[in-house]
Amino acid sequence: MLKVSNLYFAYTKEYNTLQNINFELQNKKTMFIYGKQESGRSSLLRILLGIEDSFKGEVLYDNLPVSKDLFKTNVSMGFMPEKVACIENKSVYDNLKYVLKIRKINKPMQEVKINNALKCYGLELLKDEKMKNIGRFDRLKVALARLSLRKLDYILVDDVFKDAPDSEAKYIIDEIKKLVKANDASCIIVSDNIELAKYIKCDKYKLEFGELSHIED
């Protein structure tokens, strides 16, 4: 379970970017946070990812305080940023291989996992294409494929749906749902498209001016 209690964060003394944030995300559950730019969503994600530690309050994953080291040892975190981070001059295949190589998976198993991921996300014809040469939607498929290569406890999704047609947005959501189910993971999806919350069918929250409030159905 992820528990956030009395969370405050500020870049300056004059203004709180996040103010008294409180929520609990139960195991195997998904929550949707609706927030526009400047709402504090990026700061909240950075804290949940253990990137930003200069905050007041408490953030616990399975009763352990959030930190970068936590995700190296006790909790497996998957993150889909708005802009897919990858090795641009390497192929799709090599980007997937890198995820397994750093985890010291043996080469025969690497082949099996990568080929399964390529097939699952329709990337077989792009496996030798460099990442810098493929479009945004296919880049998101690569991001999904990378997440599918390992066991995950939590999945955080930034606003990857921005400017995406409904068909693509729903595809991504459906694939995230599959990952959540396959891993018995907990998931937070952040977006400025409130209509997506209806499709996801989960607890919904609104983040505005640094304050988080529950959205009633």
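Which residues form one aromatic cluster? In this predicted model, the cluster is made up of Tyr 61, Phe 71 and Tyr 154. The count of aromatic pairs comes to 4. One of these joins Tyr 61 and Phe 71 edge-to-face, with 5.3 Å centre to centre and 80 degrees between the planes. Tyr 61 sits in strand E4 (residues 55-61) and Phe 71 in helix H2 (residues 70-73), so this pair ties together parts that are 10 residues apart in sequence. Both rings are tucked away: Tyr 61 is buried at a relative accessible area of 0%, and Phe 71 is buried at 18%.

Tyr 61 also pairs edge-to-face with Tyr 154, this time with 4.8 Å centre to centre and 80 degrees between the planes. Here the link spans distant parts of the chain, from strand E4 to strand E7, 93 residues apart. Tyr 154 is buried as well, with a relative accessible area of 2%.

That brings in strand E7 (residues 154-157) itself. In a regular strand, side chains alternate between the two faces of the sheet. In E7, Tyr 154 and Leu 156 point one way while Ile 155 and Val 157 point the other, and all are buried. E7 pairs in the parallel sense with strand E6 (residues 77-80) over 4 bridges, and Gly 78 stands opposite Ile 155. E7 also pairs in the parallel sense with strand E8 (residues 186-191), again over 4 bridges, with Val 157 opposite Ile 189. Between E7 and E8 the chain runs through helix H6 (residues 166-183), giving a right-handed β-α-β crossover.

On the surface, Ile 87, Tyr 98 and Ile 102 make a nonpolar patch of about 280 Å². Ile 87 belongs to the loop between E6 and helix H3 (92-101) and is partly exposed, with a relative accessible area of 36%.

Note on methods
Residues numbered from 1 in each chain as written. Predicted model: local features only at pLDDT ≥ 70, side-chain atom pairs only at ≥ 80, totals over all residues. Heavy atoms only, no water. Buried < 20%, exposed > 50% of the residue type's maximum accessible area, 1.4 Å probe, protein only. Helix = DSSP H or I, 4+ residues; strand = E, 2+ residues; numbered from the N terminus. Pairing = 2+ DSSP bridges. Right-handed = clockwise from strand over helix to strand, strands pointing away. Patch = residues over 30% accessible without salt bridge, like charges linked within 9 Å, V, L, I, M, F, W, Y side chains within 5 Å. Areas by Shrake-Rupley, 256 points an atom, 1.4 Å probe, with all protein chains shown as cover. Salt bridge = Lys/Arg side-chain N within 4 Å of Asp/Glu carboxyl O. Phe/Tyr/Trp six-rings, centres within 6.5 Å; stacked < 30°, edge-to-face > 60°.
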